[in-house]
Amino acid sequence: GHHLRAGRKDRSHKARRPGVVLGHGRRIPTCDPRRWPAEYTSTEDAHMRRNATLCSILIVALGASDKVKVPEGATVVDCAGKTITPGLIDASFMAGLSGDEANEQSEEVTPHLRILDSLDPADPMFRRARRDGVTTAHVMPGTMNVIGGLGCVIKTAGDDPDAMLVKQDASMRIVMGSEPSMRNRAPRGGRVESMYYRRPTSRMGVVWAVRRAFFDAQEAMQKTRGAPDQGRPSPGVEVLTQVLEGKLTAVTTARSEQDLRTALRLADEFGYRTVLDEAQDAYMLADEIAAQRATVMLGAPSATAVSGGGSRDGASPRSGTVRALANKGVTFVITTGTNSRRLPLIREAMFAARNGLGPQQALDAITIEPAKLLGVDDRIGSLAPGKDADLVIWSQDPLDPAAVAESVYIDGKSVSQIR
């Protein structure tokens, strides 16, 4: 057998506490995306029988049982016939927010607001996510603002948002399409210039609001360059400047072909690289996306239609989108996203595998690839020494329709068990 061992949160291996030993399970590794195979493969045999030892927070070692010492007093869990994977990562997770807390609609452009300040750890969606094997999530502001604010990466277990935090200010969300303007109407009608309206009220207005925000940021950059006595710009301009300087990822939610092209055009115009979120019509411009080296966060690839706030955007989802992106060499991840017709994340990956995506690539799209995209692959996304002990024990191959996440661990602690 082989062993996977976890250590303390301070990443020191000097003092190790007894933990949990996961024995005789099949471990599916993540692999280099340039070598996506048709079946599960790695530099080692993926079907080898392995053991995993967890000591608190971090994975310490992986190797043959005669070379890795099992901590004295550890609890042993027999994983014979089971499959072990890294904890799943949902790169677009709509949970932890109650009511309209996801959107601050006093203004259309609020790049400096942090969604972390609105997170509710008691939201039942976190419990459902853990039950489905999701251990980490990227949560962003809602889609009713043109620029909604800053997203964060969190673990799906915890009582305090700060304690759950993996990465603050992981992204800035921009939204194309009808949602940022759909509520800018008087409840009983009225003219556009009446007090009950606020801009924008059309796609043109939405795009101009983005342009104006970046124009203002560029102007502020020029004024302060070489003139330190100018003082700091406004918080919103600071955030936009970070995007322009490539220090912060811009995630642009765009579903239809029209809005996807606009997202790419804006990124090219202002010189920042954007991640395309939702992107149901990405199959229509896979060549353009590949040419601009944009990453796609594909929302709910199983859905045959867009439901919810984005239904008015005119997108036409296709089951072959993931295959089309893969064939063009586009980097992408699979998410549950904003579509109310979404399935659990592992089922979305299963759907993608059934529509032409290799099973390893499908699993990578919900583990190591989102970890890389979010800049947290040094901690999560794969099972390796030094990484957080986030893993899932599945009843069988996780892409099998009958598979169940029997045990889920976050930071080496059991957070979901099926008895």
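Asn-145 sits in the loop that runs between β8 (134–139) and β9. Strands such as these are DSSP runs of E with at least two residues, helices are runs of H or I with at least four residues, and both are numbered from the N terminus. At a relative accessibility of 1%, Asn-145 counts as buried. Here buried stands for under 20% relative accessible area, exposed for over 50%, and partly exposed for what falls in between (1.4 Å probe, protein chains only). Along the chain Asn-145 and Val-206 are 61 residues apart, and their C-alpha atoms are separated by 9.1 Å.

A word on the model itself: it is predicted, so local features need pLDDT of at least 70 and side-chain atom pairs count only at pLDDT 80 or more, while totals for chains, interfaces and linings use all residues. Residues are numbered from 1 along each chain as its sequence is written, and side-chain values use heavy atoms, with hydrogens and water left out.

Another pair to look for is Val-175 and Ala-263. In sequence they are 88 residues apart, and from C-alpha to C-alpha they are 8.9 Å apart in space. Val-175 belongs to strand β10 (residues 165–175) and is buried, with a relative accessible area of 0%.

**Salt bridges**

How many salt bridges does the structure hold? There are 20 of them, each one a side-chain nitrogen of Lys or Arg within 4 Å of a carboxyl oxygen of Asp or Glu. Three are listed here.

| Acidic partner | Basic partner | N to O distance |
|---|---|---|
| Glu-269 | Arg-211 | 3.0 Å |
| Asp-313 | Arg-255 | 3.1 Å |
| Glu-288 | Arg-261 | 3.0 Å |

Take the salt bridge of Glu-269 and Arg-211. Glu-269 lies in helix α6 (residues 257–270) and Arg-211 in helix α4 (residues 203–224), so this pair ties together parts that are 58 residues apart in sequence. Glu-269 is partly exposed at 36% relative accessibility, and Arg-211 is partly exposed at 22%.

Next comes the salt bridge of Asp-313 with Arg-255. This pair links distant parts of the chain, 58 residues apart: Asp-313 is in the loop between β13 (295–299) and α8 (321–327), and Arg-255 is in the loop between β11 (250–254) and α6. Are these two residues buried or exposed? Both Asp-313 and Arg-255 are buried.

Then there is the salt bridge of Glu-288 with Arg-261. Glu-288 in helix α7 (residues 286–291) and Arg-261 in helix α6 are 27 residues apart, and the pair links distant parts of the chain. Glu-288 counts as partly exposed at 32% relative accessibility, and Arg-261 counts as partly exposed at 32%.

Which residues are joined into one network by salt bridges that share partners? They are Glu-179, Arg-203, Arg-255, Asp-259, Glu-278 and Asp-313.

**Two backbone angles**

Glu-278, one of the residues in that network, has a positive phi of about 75 degrees although it is not a glycine. Glu-278 is placed in strand β12 (residues 274–278) and is buried, with a relative accessible area of 1%.

Arg-293 is also a residue other than glycine with a positive phi, near 55 degrees. You can find Arg-293 in the loop between α7 and β13, where Arg-293 is exposed, with a relative accessible area of 59%.

**Aromatic rings**

A pair of aromatic rings is described by how far apart the centres are and by the angle of the planes. Rings of Phe, Tyr and Trp (its six-membered ring) pair if their centres lie within 6.5 Å; planes under 30 degrees apart count as stacked, over 60 as edge-to-face and the rest as tilted. By this rule the count comes to five aromatic pairs. One of them is the tilted pair of Trp-208 and Phe-215, at 6.1 Å centre to centre and 50 degrees between the planes. Trp-208 is partly exposed, with a relative accessible area of 43%, and Phe-215 is partly exposed, with 36%. Trp-208, Phe-214, Phe-215, Phe-270 and Tyr-272 form one aromatic cluster.
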